[in-house]
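User: I have a model open on my screen and would like to know what stands behind the words people use for it. Could you take me through it?

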Amino acid sequence: MEVKARAPGKIILSGEHAVVHGSTAVAASIDLYTYVTLRFPTPSDDDDNLKLQLKDMALEFSWPIGRIKEELPGLGCPDSSIATSCSIEAAKVLAALVEEQNIPEAKITLASGVSAFLWLYTSIQGYKPATIVVTSELPIGSGLGSSAAFCVALSAALLAFSDLVKIDLSHQGWVMFAEDELDLLNKWAFEGEKIIHGRPSGIDNTVSTYGNLIKFRSGSLTRIKSNLPLKMLITNTKVGRNTKALVAGVSERTLRHANAMSFVFNAVDSISEELASIIQSPIGDDLSVPQKEEKIEELMEMNQGLLQCMGVSHASIETVLRTTLKYKLASKLTGAGGGGCVLTLLPNLLSGTIADRVTSDLESSGFQCFTAGIGGNGVEIYLGGSS
Ligand SMILES: Nc1ncnc2c1ncn2[C@@H]1O[C@H](COP(=O)(O)OP(=O)(O)O)[C@@H](O)[C@H]1O
Ligand SMILES: C[C@@](O)(CCOP(=O)(O)O)CC(=O)O
Ligand SMILES: [Mg+2]
């Protein structure tokens, strides 16, 4: 018995960090995915272990099911219809189960992802032996939502084997879940994100679950229909950083300067609202495509200035901003910042030569540039032969 799920990464067009404090943000899925394959052994396999293979990292973890039962009692008949939060005590047990796997020091940031895996697996499937294989097209820890894509794809594969999901087996290829199934899956993925991020807003798991372009505020989403073909250059500064630490840093600054920061968050809220309305408004009604793009560029620059105010920019990000400005292109960081990825709007009428020149200029500084399809489907499951 095997199932394969995939969940997309995302870009945040405006509102990261502020969204954790109640402001509106705008995000879109991108066509780079994390894949999770779940396989239950047959009796002839005679395997009583829970195995997690992180293929891209060449890492494999294994726990005897009996050991998990001993450490995490009470999950014999899990109720996966309600997403349960990991308590502080359970988090300590998970951390100990992960620690005994001796993750190499250079890859130790993966530990929180492995804890999230153990929580989601045992809470949804209980004490069944299985092998889970993970691969990803997303750079990890770069602001493109790899943590959420991991939690969403994992929740999808796990729930696909529960009674709560009814998959129409007559379909072939990548298949979407029903709306109520997505709601449950998203709640479980959020519980995983909490283990990795500490205090996530929920925007990343939500956009990875539902896909498309969304406006998100205080836990609820509004789908946006774009009337503007959006092209973004994504530049990975390759400076590693950790979302949990950056989110905590903004919260500490908010405690020190509550009043000033509330104005910053309010300004971000207005920027996101304006951005969403520009993207949605019919072309030509009010504004032409270039006029809309000019407004978006200005809003991106304003949002970047406010992210700097929050303390989450970085010298590498500033280098990207200066470089793209030489070509009169506007950029902003995306995701948690502190390094990671930067977005640059590529206007529809921009010549290919300029796009090539800015790309080679950025790459000569050691950055990596790419584009991605924006606003595609959210999480899906694969039915049929090999994919
Ligand atoms: N494919 C994966 N396998 C295991 N853990 C993952 C995977 N993708 C993400 N993670 C977890 O998420 C963390 C990165 O998340 P985060 O710092 O939020 O950055 P981002 O979500 O922007 O990539 C990793 O350190 C790891 O714990
Ligand atoms: C900074 C934040 O707004 C987005 C984090 O995205 P990422 O993990 O850096 O891809 C945090 C959140 O909304 O949970
Ligand atoms: Mg993340």
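User: How far apart do the C-alpha centres of domain 1 and domain 2 lie?

Analyst: Happy to help! This is a predicted model, and in it the two C-alpha centres are 27 Å apart. The domain assignment gives domain 1 as 2–222 + 375–383 and domain 2 as 225–371.

User: What makes residues of domain 1 and domain 2 count as in contact, and how many residues does each domain give?

Analyst: The test is that C-beta atoms, placed from the backbone, lie within 7 Å. By that test, domain 1 brings 30 residues to the contact and domain 2 brings 32. On the side of domain 1 that touches domain 2, strand 1 (2–14), strand 2 (25–39), helix 5 (179–197) and strand 7 (213–217) each give two or more residues. Strand 1 gives the most there, with 4 residues. By class, that side of domain 1 has 11 nonpolar, 16 polar and 3 charged residues.

User: Which residues come nearest to ligand 1?

Analyst: Thr 109, Gly 113, Ser 146, Ser 147 and Thr 243 come nearest, out of 22 residues around ligand 1. Helix 3 (111–125), strand 5 (130–136), helix 4 (146–160) and helix 5 each give two or more residues to this shell. The largest share, 3 residues, is from helix 4.

User: How many residues of each class are in the shell around ligand 1?

Analyst: The shell around ligand 1 holds 7 nonpolar and 15 polar residues, with no charged ones. Gly counts as polar here, so Gly 113, one of the nearest residues, belongs to the polar class.

User: And what makes up the shell around ligand 2?

Analyst: Ligand 2 has 17 residues around it, and Glu 16, Pro 200, Ser 201, Gly 335 and Ala 336 are the closest. Helix 6 (203–210) and helix 7 (243–256) supply at least two residues each. The classes here are 7 nonpolar, 8 polar and 2 charged. Glu counts as charged, so Glu 16, among the closest residues, falls in the charged class.

User: Which domains supply the shells around ligand 1 and ligand 2?

Analyst: For ligand 1, at least three residues come from each of domain 1 and domain 2. For ligand 2, each of domain 1 and domain 2 likewise provides at least three residues.

User: Why is the size of the protein said to agree with a compact globule?

Analyst: Set the value against the rule: a compact globule of 387 residues would have a radius of gyration near 21 Å, and the protein has 21 Å, so the two agree. Along its principal axes, the C-alpha trace spans about 65 × 50 × 40 Å.

User: What makes a residue buried, and what percentage of the protein counts as such?

Analyst: A residue needs 20 or more other C-beta atoms within 10 Å of its own. Of the 387 residues, 46% pass that mark. As for contacts with a separation of 6 or more, 78% join residues 24 or more positions apart.

User: Where does UniProt place the "GHMP kinase N-terminal" and "GHMP kinase C-terminal" domains?

Analyst: In an unreviewed entry, UniProt puts the N-terminal one at residues 125–211. That span is 49% helix and 13% strand, with its end C-alpha atoms 26 Å apart. The C-terminal one is listed by UniProt, also from an unreviewed entry, at residues 294–348. There the chain is 51% helix and 16% strand, and the end C-alpha atoms are 11 Å apart. The protein as a whole has 11 helices and 13 strands.

How values were computed
Residues are numbered from 1 along each chain as its sequence is written. Chains are lettered from A and ligands numbered from 1 in the order in which they are written. This is a predicted model: local features need pLDDT of at least 70, side-chain atom pairs count only at pLDDT 80 or more; totals for chains, interfaces and linings use all residues. Domain bounds come from an automatic or database domain assignment. Two residues are in contact if their C-beta atoms, placed from the backbone, lie within 7 Å. A residue is near a molecule or strand if its C-beta atom, placed from the backbone, lies within 6 Å of it. UniProt positions are given in the numbering used here, feature names are shortened, and annotations may be inferred rather than shown by experiment. The radius of gyration is taken over C-alpha atoms; the globule rule is 2.2 Å times the number of residues to the power 0.38. A residue is buried if 20 or more other C-beta atoms lie within 10 Å of its own, exposed if 12 or fewer, and partly exposed in between; C-beta atoms are placed from the backbone.
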